[in-house]
Amino acid sequence: YQFENPLSGEVPKATFEKFIVPPCGLEFIKTLFRAAEEDLSEEKQMYPIFLLCLGAGLRAQEATHVKWCDIQDAGIIVRSDEATHQTKNRKARTVPAGPTLKHRLLKLKPVAAGMDDFVAPALRRSKINTAQKKYKQRCDRALKKLNKWLRTQGVTSELTTHPCHYLRKLFGASILTRYANGLQLAKKYLGHQSTDITERIYVDLLETPEVDILPDLKISNKK
């Protein structure tokens, strides 16, 4: 999100890019899954990142730091670790994952991969940025390529300025429209600090809810 300070001297207030429903509705989720399976299934980095963002609502950098040991029966664990990667709210969370998502991810696991290896493997060493004294984000080239591919699949600039992040928003939209307590679940699984943030992002969808179609997400309604 971006920050703005309308009144001098006041604490900047965070503003969020609202979720815009695609022209074809949430059926767009199925369309993207089918297109990715056809176009990206051989991509060792792009495909798992795509699956984790759209199928589990992870932020792009959260997706690049998921390890094979994080895919468990309870769901996908999103860790927050100062030494490697911190989530936005600095809290770990577990996102339920249906059998279809788990199956697609585990099919990508190389025979020689260890449980502590990243699901999206490093295809090259990250280069250090001497100006900022830190390494570039993991899979930075793959993320750029994925953004470019998503633009060709209908994730247009009218919908979002951040194509990869829009996948996460589609995941949140599917939860909001599927469950009676969807707002609370979306806040929990997206890792938002409050339901106020979730409401501000999905304000248009909350006013005109649609029917969810994301297959076998398997989320419990228990709070």
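## A three-stranded sheet and its helical surroundings

Within strand β5, T94 is the bridge partner of I77. That pair is a good place to start a tour of this chain. The model is a predicted one, in which local features need pLDDT of at least 70 and side-chain atom pairs count only at pLDDT 80 or more, while totals for chains, interfaces and linings use all residues. Residues are numbered from 1 along each chain as its sequence is written, and side-chain values use heavy atoms, with hydrogens and water left out.

**The chain as a whole**

The secondary structure comes to 9 helices and 7 strands. These elements are DSSP runs numbered from the N terminus, with helices being H or I of at least four residues and strands being E of at least two. Of the 223 residues in the chain, 45% are buried. Buried here means under 20% relative accessible area, exposed means over 50%, and partly exposed lies in between (1.4 Å probe, protein chains only). The chain exposes about 12500 Å², and carbon and sulfur atoms supply 51% of that area. Accessible areas come from the Shrake-Rupley method with a 1.4 Å probe, and for residues only the protein chains shown count as cover. Among contacts with a separation of 6 or more, 64% join residues 24 or more positions apart; a contact means heavy atoms within 4.5 Å.

**The sheet**

Back to our opening pair. Three strands make an open antiparallel sheet in the order β3-β4-β5. Strands β3 and β5 stand at the edges with a single partner strand each, so one side of each has no neighbour in the sheet. Two strands are said to pair if DSSP finds at least two bridges between them. β3 and β4 pair over 2 bridges and form a hairpin with 2 residues between them. On this side of β4, G75 is the bridge partner of Q72. β4 is joined to β5 (residues 93-95) by 3 bridges, and V78 has R93 of β5 as a bridge partner. K91 lies in the loop between β4 and β5. K91 and V78 are 13 residues apart in sequence and 8.6 Å apart in space, C-alpha to C-alpha.

**Helix α4 and what covers it**

Which residues of α4 (residues 99-106) are buried? They are L101, K102, R104 and L105. Seen down the axis of α4, its buried residues fall within an arc of 165° (taken from the directions from the helix axis to the C-beta atoms), so they line one face of the helix. Their cover includes strands β3 (71-72) and β4 (75-78) as well as helices α1 (27-39) and α2 (46-56).

**Where α2 meets α6**

Helix α2 packs against α6 (residues 163-178) at an angle of about 35°, with the axes 6 Å apart. The axes are lines fitted to C-alpha atoms, for helices over the stretch in contact, and angles run from 0 to 180 degrees between N-to-C directions. From α2, the contact uses F50, C53, L54, G55 and A56; from α6, it uses C164, L167, R168, L170 and F171. These residues divide into 8 nonpolar, 1 polar and 1 charged. In this count Ala, Val, Leu, Ile, Met, Phe, Trp, Tyr, Cys and Pro are nonpolar, Asp, Glu, Lys and Arg are charged, and the others, Gly among them, are polar.

C53 deserves a second look. Leaving aside neighbours within four places in sequence, C53 is in contact with L58, R59, A60, A63, C164, L167, R168 and F171. C53 and T64 are 11 residues apart in sequence, and 9.8 Å separates them in space, C-alpha to C-alpha.

**Two loop residues that touch**

Q45, not counting residues up to four places away in sequence, touches A120, P121, A122, L123, C139 and A142. C139 has a positive phi of about 55° although it is not a glycine. Most residues other than glycine have a negative phi.

Here are the accessibilities of four residues met along the way.

| Residue | Location | Relative accessible area |
|---|---|---|
| C53 | helix α2 | 1%, buried |
| C139 | loop between β7 (134-135) and α5 (140-152) | 8%, buried |
| Q45 | loop between α1 and α2 | 11%, buried |
| K91 | loop between β4 and β5 | 56%, exposed |
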